[in-house]
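Biologist: Please take a close look at one part of this model and describe its surroundings. I would then like the account to be carried outward, step by step, to the packing of the chain.

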Amino acid sequence: MKIRSFTNGDEIALFRVFLSSVHTIASHYYTHEQIEAWAPPDIDPEQWANYMKELRPFVVEMDGEIAGYADVQPNGYIDHFFVSGTYPRQGVGTLLMNCIHEEARQLGIAELTSNVSKAAEEFFLRHGFHVVERGFPVRRGVTLQNALMRKYLAKQ
């Protein structure tokens, strides 16, 4: 397992990870209707590619395949954090979280925040985050549930 920075050309593989994560792992926490609204297969590929280039996530590879990805923005916000449904509970998420923490330390970020799915909430709690508030975002007319989570980091 290795972690690296995003490179142009990763976009399609990251989309597959996103779909796999939501349709496999998150499907235990959300209805079929919610899953389809959150991660429809017809997301515009160009729009997705541009967004991934903006996020510049960290990418974990296992056996030459992308197994997960996550980002942390300069303000400490984690926008995407997804592990492929093919690689759950194999350390991919922990490797990504450790990388986010190291990046935050290097950038002098004082706190991390993220809007976390019900599927990922327990994982974030184990990594020191706490729930700030519950959210009910609407995607394609369907209400989902998530939690705004925060972790204060030790001062340098």
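Modeller: Beyond its neighbours within four places in sequence, A119 is in contact with I25, A26, Y29 and Y30. The model is a predicted one, and A119 belongs to helix α5. A comparison with Y51 adds a sense of scale: A119 and Y51 are separated by 68 residues in sequence and by 23 Å in space, C-alpha to C-alpha.

Helix α5 spans 118–126, and the loop between α5 and β6 (130–135) holds H127. With a relative accessible area of 17%, H127 falls under the 20% limit and is therefore buried. Neighbours within four places in sequence aside, the contacts of H127 are T94, M97, H101 and K151.

Helix α5 also takes part in the largest nonpolar core. This core has 26 residues, and I78, F81, V92, I100, L112 and F124 touch the most other members. Two or more residues each come from β2 (58–62), β3 (65–70), β4 (81–83), α4 (92–107), β5 (111–117), α5 and β9 (146–152). The greatest contribution is that of α4, which gives 6 residues. In soluble globular proteins, nonpolar side chains tend to be buried together. I78 illustrates the packing: leaving aside neighbours within four places in sequence, I78 is in contact with D71, V72, I100, L112, T113, S114, F124 and F129. Apart from this core lies another, of 22 residues, including F15, V17, F18 and Y69.

D71, one of the contacts of I78, also leads to the loop between β3 and β4, where Q73 is placed. The side chains of Q73 and D71 are joined by a polar contact of 2.6 Å. Outside the four places on either side in sequence, Q73 is in contact with L55 and I109.

L55 is a contact of Q73, and residue 55 ends helix α3 (residues 45–55), whose axis comes within 9 Å of that of helix α1 (residues 11–25). A pair of packed helices is described by the distance between the axes and the angle between them. Here the axes cross at roughly 95°, and α1 and α3 are therefore roughly perpendicular to each other. From α1, E11, L14, F15 and F18 meet W48, A49, M52 and K53 of α3. By class, this contact comprises 6 nonpolar and 2 charged residues, with no polar ones. F15 and F18 thus appear twice in the account, as members of the 22-residue core and as α1 residues that meet α3.

How values were computed:
Residues are numbered from 1 along each chain as its sequence is written. This is a predicted model: local features need pLDDT of at least 70, side-chain atom pairs count only at pLDDT 80 or more; totals for chains, interfaces and linings use all residues. Side-chain values use heavy atoms; hydrogens and water are left out. Axes are lines fitted to C-alpha atoms, for helices over the stretch in contact, and angles run from 0 to 180 degrees between N-to-C directions. Helices (H or I, at least four residues) and strands (E, at least two) are DSSP runs, numbered from the N terminus. Angles under 35 degrees count as roughly parallel, over 145 as roughly antiparallel, 65 to 115 as roughly perpendicular and the rest as oblique. Contact means heavy atoms within 4.5 Å. Ala, Val, Leu, Ile, Met, Phe, Trp, Tyr, Cys and Pro count as nonpolar, Asp, Glu, Lys and Arg as charged, and the others, Gly among them, as polar. Buried means under 20% relative accessible area, exposed over 50%, partly exposed in between (1.4 Å probe, protein chains only). A nonpolar core is a set of buried Ala, Val, Leu, Ile, Met, Phe, Trp, Tyr and Cys residues joined through side-chain atoms within 4.5 Å. A polar contact is a pair of N or O atoms within 3.5 Å; within protein, one must be able to donate a hydrogen and the other to accept it, and residues adjacent in sequence count only if both atoms are side-chain atoms.
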